[in-house]
Amino acid sequence: MKLTPLDAPGYEKVVYAEDEASGLKSIIAVHSTKLGPAAGGCRMFAYPDFESAKIDALRLSKGMTYKNAAASLPLGGGKSVIIADPKTQKTPELMQAFGRFVESFEGMYTTAEDVGISVEDIEEAAKYTSHAAGLNKGAFASGDPSPVTARGVYLSCVAAAKHAFGHGDLEGKIIALQGLGHVGMYLAEHLHAAGAQLIVSDINASSVAKARQAFSARSVAPNDIYDVEADIFAPCAMGAILNADTISRLNVKLVCGAANNQLADDAAGDALMARGILYAPDYVVNGGGIISVSTEILKITDEKWVDQKLEQLAVTTDKILTKAKAQNASPHKVADQFVDEILAQ
Ligand SMILES: NC(=O)C1=CN([C@@H]2O[C@H](COP(=O)(O)OP(=O)(O)OC[C@H]3O[C@@H](n4cnc5c(N)ncnc54)[C@H](O)[C@@H]3O)[C@@H](O)[C@H]2O)C=CC1
Ligand SMILES: O=C(O)CCC(=O)C(=O)O
């Protein structure tokens, strides 16, 4: 395997790996180990080129520093990407090679699931590294983090709804949900159980059919989800979907979802505020996944720990939105400030 260090100012270690035998092309980005060894999932995606994969790895890695700090976890921020189509290019050999790549970081980075990567894939990688979490087997195995992520997003959505609507009751609220994958489908279940009406979109027709049947959801074409009239928009697919174009089309009062890096840039957070749309910062509300895998990394035995941490996410969401209102500031900036203060200590 050929390992090439990449130049990335502000990051502790970024390496590109290429393994001819398995076809692995992967980047591991460790943004910060200030609060502890870095942890964050692995994304497999058919990136159009190397540069877009590198940008994604860097953005996701920094996001994990902020997410882990916001959730008060003794973990730093890291993330990895594999440049490949998960539907056609994933093999056990490729995941094993990825495991060897993770092991080369000697514990500085622990991997887990993200888009395009399942528990089974991580178990394949774990044959070659002891720094993989979100496994189904083992003394502290935490399994698929997605249901926990969804629960945290749901609790935070209730907290954020109090700010947007004056109460946290989601009964009758219309929620536009983008992405019915591992997290989105579980979130749909929570929202439906709370009495919300769902409008869903996904590029995968069978997921849409499932949500229509299970949750009496209405569905729209992927690009139309930004135009529907709803109370809440819940992005649960890919990042950078909140930009000048999509924000101008949104017809909601609150954005709260699981997707990482929802804001295309800083200006997007301000644009949401200017339109009177409350933004529940992504890395605060979607901390449930890392909380779940942390039980494995940190060897947590207290059964109440995850529930308490998830409740704390909702409290943090509430605190940030309260402060943002008091300061007339964008919630994403208040959240960044909150984490920057933790990192500075
Ligand atoms: N799995 C987890 O525990 C966590 C996931 N996240 C983030 O949440 C998001 C979703 O993650 P997962 O559910 O694990 O991924 P996933 O890959 O299982 O689901 C993503 C879904 O989005 C759909 N999708 C892709 N492009 C779309 C588009 N343009 N319009 C509508 N749907 C589209 C896909 O078909 C798929 O159903 C990602 O941004 C991920 O980074 C964040 C924290 C933890
Ligand atoms: O959910 C996971 O598998 C670990 C955390 C992570 O990668 C994330 O929150 O994006």
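**Exercise 1. Find which element gives the largest share of the shell around ligand 1.**

Solution. Helix H5 gives the largest share, 3 residues. Helices (H or I, at least four residues) and strands (E, at least two) are DSSP runs, numbered from the N terminus. The model is predicted: local features need pLDDT of at least 70, side-chain atom pairs count only at pLDDT 80 or more, and totals for chains, interfaces and linings use all residues. Residues are numbered from 1 along each chain as its sequence is written, while chains are lettered from A and ligands numbered from 1 in the order in which they are written.

**Exercise 2. Describe the shell around ligand 1 and place the ligand relative to the domains.**

Solution. Begin with the residues. There are 29 around ligand 1, and Gly179, Gly181, His182, Ala237 and Gly289 come nearest. A residue is near if its C-beta atom, placed from the backbone, lies within 6 Å of the molecule. Next, the elements: helix H4 (146-165) and helix H5 (182-193) are those that give two or more residues. Then the chemistry: the shell holds 11 nonpolar, 15 polar and 3 charged residues. Here Ala, Val, Leu, Ile, Met, Phe, Trp, Tyr, Cys and Pro count as nonpolar, Asp, Glu, Lys and Arg as charged, and the others, Gly among them, as polar. Last, the domains: domain 1 and domain 2 both give residues to this shell, so ligand 1 lies between them.

**Exercise 3. Divide the protein chain into domains and describe their contact.**

Solution. Domain 1 takes 2-62 + 76-125, and domain 2 takes 146-344. These bounds come from an automatic or database domain assignment. Over C-alpha atoms, the two centres are 25 Å apart. The contact uses 6 residues from domain 1 and 6 residues from domain 2. Contact here puts C-beta atoms, placed from the backbone, within 7 Å. The domain 1 side has 3 nonpolar, 1 polar and 2 charged residues.

**Exercise 4. Locate Lys79 and decide: buried or exposed?**

Solution. Lys79 sits in strand E6 (residues 76-83). Around Lys79, 30 other C-beta atoms lie within 10 Å, so Lys79 is buried. The cut-offs, with C-beta atoms placed from the backbone, are 20 or more other C-beta atoms within 10 Å for buried, 12 or fewer for exposed, and partly exposed in between. Beyond four places in sequence, Lys79 touches residues including Ala29, Gly40 and Met64. An unreviewed UniProt entry annotates Lys79 as "active site". Such annotations use the numbering given here, have shortened feature names, and may be inferred rather than shown by experiment.

Notes: Contact = placed C-beta atoms within 7 Å.
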